[in-house]
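Reader: Good morning. I am new to reading protein structures. May I show you one and ask some questions about it?

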Amino acid sequence: MGRLYIQYLSGEKIYKCKFCKVDSASRVDIVSKDFRGRYGRAYLMRNVVNISIGPKEQRHLSSGLHTVNDIYCSSCQQLLGWRYEKAFEESEKYKEGNYILEKERVLKDGW
Ligand SMILES: [Zn+2]
């Protein structure tokens, strides 16, 4: 394995991994706060950094069948949410390429 590259986000309102405190996402990338993950409330994000992406799998979510990849903090390997690879319903297509970030697994830094 190569040296771990940690990306730092600019801006004041940053979510960090709760476990190892590396930057995970910026508030400006929130698409919606009204989502549910495995651990309760979750954010739909345009971008999440410092993650590794798990294998593709098909999952039945409350909004129908999706192809998703779980996302893990690249620094501590904790599960942070998932990425929408593909949605099958036309009305859900906007989620493709976006991420679910579990509120329970991140901290707000500096706000
Ligand atoms: Zn972490």
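Author: Certainly. Let us begin with a term: a residue counts as buried when its relative accessible area is under 20%, as exposed when the value is over 50%, and as partly exposed in between. Please also note that this model is predicted.

Reader: Then is C17 buried or exposed?

Author: C17 has a relative accessibility of 0%, so it counts as buried. C20, in contrast, has 24% and therefore counts as partly exposed.

Reader: Which residues hold the zinc ion?

Author: The protein donors are the SG atoms of C17, C20, C73 and C76, and they lie 2.3 Å from the zinc ion. Along the sequence, these donor residues follow the spacing C-x2-C-x52-C-x2-C.

Reader: Why is the arrangement around the zinc ion called tetrahedral?

Author: The angles subtended by the 4 donor atoms range from 104 to 116°, and the arrangement is therefore tetrahedral. The cut-off asks that all angles lie between 85 and 135 degrees. For comparison, the ideal angle for four tetrahedral donors is 109.5 degrees.

Reader: I should like to turn to the whole chain. How many helices and strands does the protein have?

Author: The protein has 9 strands and 0 helices. Read from the N terminus, its elements run β-β-β-β-β-β-β-β-β. Its radius of gyration is 14 Å, close to the 13 Å given by the globule rule for 111 residues, so the protein is as compact as a globular protein of that length.

Reader: What box do the C-alpha atoms fill?

Author: Along the principal axes, the box is roughly 35 × 35 × 20 Å. Of the 111 residues, 46% are buried. The protein exposes about 6,400 Å², and carbon and sulfur atoms supply 46% of that area.

Reader: Which strands pair with β8?

Author: Strand β4, residues 40-45, pairs with β8 in the antiparallel sense over 4 bridges. Strand β7 also runs antiparallel to β8, and 3 bridges join the two. L101 in β8 appears in both pairings: it is the bridge partner of Y43 and also of G81.

Reader: Which residues of β8 are buried on each side?

Author: Y99 and L101 are buried on one side, and I100 and E102 are buried on the other. Both faces of this strand, residues 99-102, are thus covered.

Reader: You mentioned β7. What is A87 in contact with, leaving aside its neighbours within four places in sequence?

Author: A87, which is in strand β7, is in contact with L65, H66, E92, K93 and E96. At 1% relative accessibility, A87 counts as buried. A87 and I53 are 34 residues apart in sequence, and their C-alpha atoms are 17 Å apart in space.

Reader: One last topic: what is notable about the phi of K21?

Author: K21 has a positive phi of about 70°, although it is not a glycine. Most residues other than glycine have a negative phi. K21 is in the loop between β1 (14-17) and β2 (23-26), and its 46% relative accessibility makes it partly exposed.

Reader: And where does Q77 lie?

Author: Q77 lies in the loop between β6 (64-73) and β7 (79-87). Q77 has a positive phi of about 70° and is not a glycine either. With 45% relative accessibility, Q77 counts as partly exposed.

Conventions:
Residues are numbered from 1 along each chain as its sequence is written. This is a predicted model: local features need pLDDT of at least 70, side-chain atom pairs count only at pLDDT 80 or more; totals for chains, interfaces and linings use all residues. Side-chain values use heavy atoms; hydrogens and water are left out. Donors are N, O and S atoms within 2.8 Å of the metal (3.2 Å for Na, K and Ca); water is not among the atoms, so sites may look incomplete. Four donors count as tetrahedral if all angles lie between 85 and 135 degrees; four count as square planar and six as octahedral if opposite donors are over 155 degrees apart and all others between 65 and 115; anything else is irregular. Buried means under 20% relative accessible area, exposed over 50%, partly exposed in between (1.4 Å probe, protein chains only). The radius of gyration is taken over C-alpha atoms; the globule rule is 2.2 Å times the number of residues to the power 0.38. Accessible areas come from the Shrake-Rupley method with a 1.4 Å probe; for residues, only the protein chains shown count as cover. Contact means heavy atoms within 4.5 Å. Two strands pair if DSSP finds at least two bridges between them.
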